[in-house]
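Trainee: Hey, have you got a minute to go through a structure with me?
Mentor: Sure, put it up and ask away.

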Amino acid sequence: MPVLTVALGQRSYPIHIDEQVFAQADLLLPHIVGRQVMLVSNTTVAPLYLAPVREVLQKAGLTVADVILPDGEQYKDWQHLQLIFDALLQARFGRKVTLIALGGGVIGDMTGFAAATYQRGVNFIQIPTTLLAQVDSSVGGKTGINHPLGKNMIGAFMQPQVVLADTAVLRTLPDRELSAGLAEVIKYGLIRDTTFLQWLHEQMPALMAREPAVLAEAVARSCQHKAEVVAADELEQHDVRALLNLGHTFGHAIETNMGYGSWLHGEAVAVGMLMAADLSQRMGWISTSEVKELRTLLLAAGLPVQAPVSISQADFLAAMAVDKKNVDGQLRLVLLKRVGEAVVVDMTDLSLVRDTLAAAGVTA
């Protein structure tokens with residue numbers, strides 16, 4: 001597979017996508033700063049993949065320690081972030097330490113946030129082990145933790161030195177996690193690449209069957225889109241990077257109301273994207289048939305298409321009001337001007353939003 005690049009001037013970094021790259025010395029060691037390394041993983045991933053990475057580092061004569069966090073979105077909080085700081089301080093690691101995130105999006109976000117803030121900033125490497133992390137959260141430098149009132153509301157921008165996306169690890173991924181990752185893959189087609197979207201319609205059976213070449217292509221094409229958007233608007237200052245949040249305002253409201261970890265992020269985003277498409281149709285921008293086509297694709301990917309019935313419209317809207325895209329209390333949503341073109345919209349009239357919530361099963 002070709003090496004992709006996130007073009008950020010002097011802070012540019014490569015994305016390596018292939019099988020057996022996560023513990024490849026020539027890809028990993030050049031990006032280590034200093035002689036100290038802290039591996040951050042979780043209780044699911046560490047037994048599978050921690051030892052090979054540790055071996056590569058130790059063979060190079062580096063001092064290696066690790067911290068193993070519990071697995072789940074519900075642990076993406078201050079309490080468990082402190083465990084990373086505790087491990088760093090107990091090991092007496094200084095400013096030349098390199099933090100390596102070995103896990104999914106939660107581990108990547110927390111490790112990156114720890115790297116951004118430990119001694120005011122240290123080196124950071126991403127080794128994503130879920131499809132969602134490989135195609136989205138490991139690229140672009142958004143890091144952080146959740147707050148009970150809102151998802152990802154506390155964090156920092158912190159770009160990694162390298163991303164090693166090993167597609168072979170996707171073979172051990174639970175089916176539910178695979179589907180959750182496919183939601184973010186579908187997103188890229190919806191917001192900027194109708195050719196890719198059509199390819200996904202055609203290749204979804206192969207993706208669900210985990211055919212290696214098809215999975216690798218999906219990861220590569222998704223990462224290319226993410227890299228281009230990040231290079232154009234790294235700090236989300238011009239409503240370019242915000243377009244990557246199609247469905248996320250609705251989805252985050254599901255995660256917040258249901259309790260972090262109850263729904264996987266990709267599952268909530270899938271429903272959120274369908275709701276954004278429904279609202280786009282109500283705005284007169286896309287057709288009902290295009291909404292139905294998206295619903296069919298999401299179902300083919302094993303994703304939910306209905307919001308939880310236990311969330312009221314009031315609770316849904318309250319959670320949506322706590323969103324990073326909002327400006328001066330004004331609800332802002334990413335919608336589809338047409339399939340393949342997303343826009344950020346200030347929603348001054350919530351009546352259509354309420355209609356979309358009702359259509360998705362959210363009661364008044």
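Mentor: Let's take the whole chain, then a helix and two loop residues.
Mentor: This is a predicted model, where local features need pLDDT of at least 70, side-chain atom pairs count only at pLDDT 80 or more, and totals for chains, interfaces and linings use all residues. Residues are numbered from 1 along each chain as its sequence is written, and side-chain values use heavy atoms, with hydrogens and water left out.

Trainee: Okay, how many helices and strands are there in the protein chain?
Mentor: The protein chain has 13 helices and 11 strands. Helices here are DSSP runs of H or I with at least four residues, strands are E runs of at least two, and both are numbered from the N terminus.

Trainee: And what are its spans along the principal axes?
Mentor: The C-alpha trace of the protein chain covers about 60 × 40 × 35 Å. Its radius of gyration is 20 Å, which agrees with the value near 21 Å for a compact globule of 364 residues. That radius is taken over C-alpha atoms, and the globule rule is 2.2 Å times the number of residues to the power 0.38.

Trainee: What share of the residues is buried?
Mentor: Of the 364 residues, 58% are buried. Buried means under 20% relative accessible area, exposed means over 50%, and partly exposed is in between (1.4 Å probe, protein chains only).

Trainee: Switching topic: is helix α6 mostly covered or mostly open?
Mentor: Mostly covered, since 14 of the 18 residues of α6 are buried. Helix α6 takes in residues 175–192 and reaches 27 Å from its first C-alpha to its last, close to the 26 Å expected at 1.5 Å a residue. The expected span is 1.5 Å times one less than the number of residues.

Trainee: Now the loops. Where is Gly-34?
Mentor: Gly-34 lies in the loop between α1 (25–28) and β3 (36–42). Gly-34 is partly exposed, at a relative accessible area of 30%. Leaving out residues up to four places away in sequence, Gly-34 touches Leu-62 and Lys-96; contact means heavy atoms within 4.5 Å.

Trainee: And Asn-326, buried or exposed?
Mentor: Asn-326 is buried, with a relative accessible area of 15%. You'll find Asn-326 in the loop between α12 (313–320) and β10 (332–338).

Trainee: Which residues does Asn-326 touch?
Mentor: Not counting residues up to four places away in sequence, Asn-326 touches Met-320, Ala-321, Leu-331 and Arg-332.
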